[in-house]
Each structure stands twice: as structure tokens, then as C-alpha cells.
Amino acid sequence: MLGVVVILQLSFIAGSLSARTGLRFSKDPTAYAVFKRWNAKTNGNLTFHFKTDNKNGFLVYEDDKGQCEYIYLSLADGRLRLRLKMGDCVETQTLLVGHNLADGKWHKVIVQRNYKSTTITVDSWTNSTEYKGRGRQTFGVQSDLFIGGIPLYKQFNDFSFPAIFYESIHFNR
């Protein structure tokens, strides 16, 4: 989760939030929001806006309930970082996009999944990757979509990316 204050405007949950709805997180390491799973098995778009003045922080996480596949969006040194593991789970794909995103201004993020291709856009910057592994080219997430952090009552091995537990608690507190 991002320290101090991060505000997310969520537009990926059709009908459940208005365009003016926002979430505000502070330095509380136990703060998070949970939404119904983003189903991007073969294709899908996830769009949200955020603003913060912290260079590092947790934004969005979803996985296959501890098997191996996950998608994780965070801020790393003021850039948006996407980590993705899918298919045969041999390789983690990492994308960095944007710069100086910890400027207190609103930034629009779009994540697009299309079978083996994943594209991330923040404002006018775009980066993409293609799954090059063997086996299925789908993304098999089953968990809820976690925003701003994860529930601390969950077990460490409940997550496909165990470092998420550490990052949720310690990112720039």
C-alpha cells in the first residue's frame, strides 16, 4: 500500500461505483479494499486512476489462490511496475512504464490482456509483453482483486507471489 495518501478512482467495476467514487489510503498498514475478481483469463481491461506523492507502493494484486499465477501493479521509484506470471509459471514478466508518477497529480492506468499479450498504459506511456512459455496462454486467476494492500489474516502460502505479504506491510511506511 502507498504511504501517506493514495486516492484511487476505480472505473473497472461496472455499475458498482460511480465515476466520482474514490478510495483513500493512509499510512495504516492494515488498510486495503477487496473487489470481485477481475476476469482476464483470455482478455479484459482494467482501468483506474491514482495520485500519490510516494515513489513506492502497492496498487493492485490478484492471483490464482497460491498456485503460481498472479498480476501485481505497484509503484517502484516513481514508475508503474507490472509483474505477471501466467501459463506454465516458469518466468515472471515485468514491465515498467512512466516516470515521476509520485507528483500528487492524477494518473490514468489501463491494463489490457489479450491471450498471451499484456499491455500497460499510464497516461501517455505504454509498454507490453507477450507470454512465450509453453502450455496454455490463459491467465487463471481465482482470487479477489486487492487494492492498496492485502488482508493480514491470510496465510503466507495463500499467495502466488509471497513477497506481496512483505510489500503490503512495508512499502514506504
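This is a short walk through part of a predicted model, from an open sheet to a hairpin and the residues around Thr129.

Let's begin with the sheet. Six strands make up an open sheet in the order 3-12-5-6-7-8, and their pairing is antiparallel. At its edges stand strand 3 (33-35) and strand 8 (93-97); each has a single partner strand, so one side of each has no neighbour in the sheet. Direction ignored, neighbouring strands here are turned by 15 degrees against each other on average. As general background, strands of a sheet pair through backbone hydrogen bonds, in either a parallel or an antiparallel way.

At the strand 8 edge, you can follow the pairing in detail. Strand 7 (residues 79-85) runs antiparallel to strand 8, and five bridges join the two. If you would like a landmark, look for Arg83, which stands opposite Thr94 in strand 8.

Now turn to the hairpin. Strand 10 (residues 117-122) and strand 11 are antiparallel partners, paired over six bridges. Two residues lie between these strands, and in the turn Asp123 has a positive phi of about 55 degrees. Within this pairing, Ile120 has Asn127 in strand 11 as its bridge partner.

Strand 11 covers residues 125-130, and Thr129 is found in it. What does Thr129 touch, leaving aside residues up to four places away in sequence? Its contacts are Gln93, Leu95, Lys116, Ser117 and Thr118. With Gln93 there is also a polar contact between the side chains, at 2.8 Å. Is Thr129 buried or exposed? Its relative accessible area is 16%, and because buried means under 20%, Thr129 counts as buried.

Next comes Glu130, also in strand 11. The structure holds one salt bridge, and the side chains of Glu130 and Lys116 form it, with an N to O distance of 3.9 Å. This pair links distant parts of the chain: Glu130 belongs to strand 11, while Lys116 sits in the loop between strand 9 (107-114) and strand 10, and the two are 14 residues apart. In general, side chains of opposite charge can pair when their charged atoms come close. Both partners fall between the buried and exposed classes: Glu130 is partly exposed at 40% relative accessibility, and Lys116 is partly exposed at 32%.

Lys116 is a good place to end the tour. Its side chain meets Glu130 in the salt bridge, and Lys116 is also among the residues that Thr129 touches.

Technical notes: Residues are numbered from 1 along each chain as its sequence is written. This is a predicted model: local features need pLDDT of at least 70, side-chain atom pairs count only at pLDDT 80 or more; totals for chains, interfaces and linings use all residues. Side-chain values use heavy atoms; hydrogens and water are left out. Helices (H or I, at least four residues) and strands (E, at least two) are DSSP runs, numbered from the N terminus. Buried means under 20% relative accessible area, exposed over 50%, partly exposed in between (1.4 Å probe, protein chains only). A polar contact is a pair of N or O atoms within 3.5 Å; within protein, one must be able to donate a hydrogen and the other to accept it, and residues adjacent in sequence count only if both atoms are side-chain atoms. Contact means heavy atoms within 4.5 Å. Two strands pair if DSSP finds at least two bridges between them. A salt bridge is a side-chain nitrogen of Lys or Arg within 4 Å of a carboxyl oxygen of Asp or Glu. Axes are lines fitted to C-alpha atoms, for helices over the stretch in contact, and angles run from 0 to 180 degrees between N-to-C directions.
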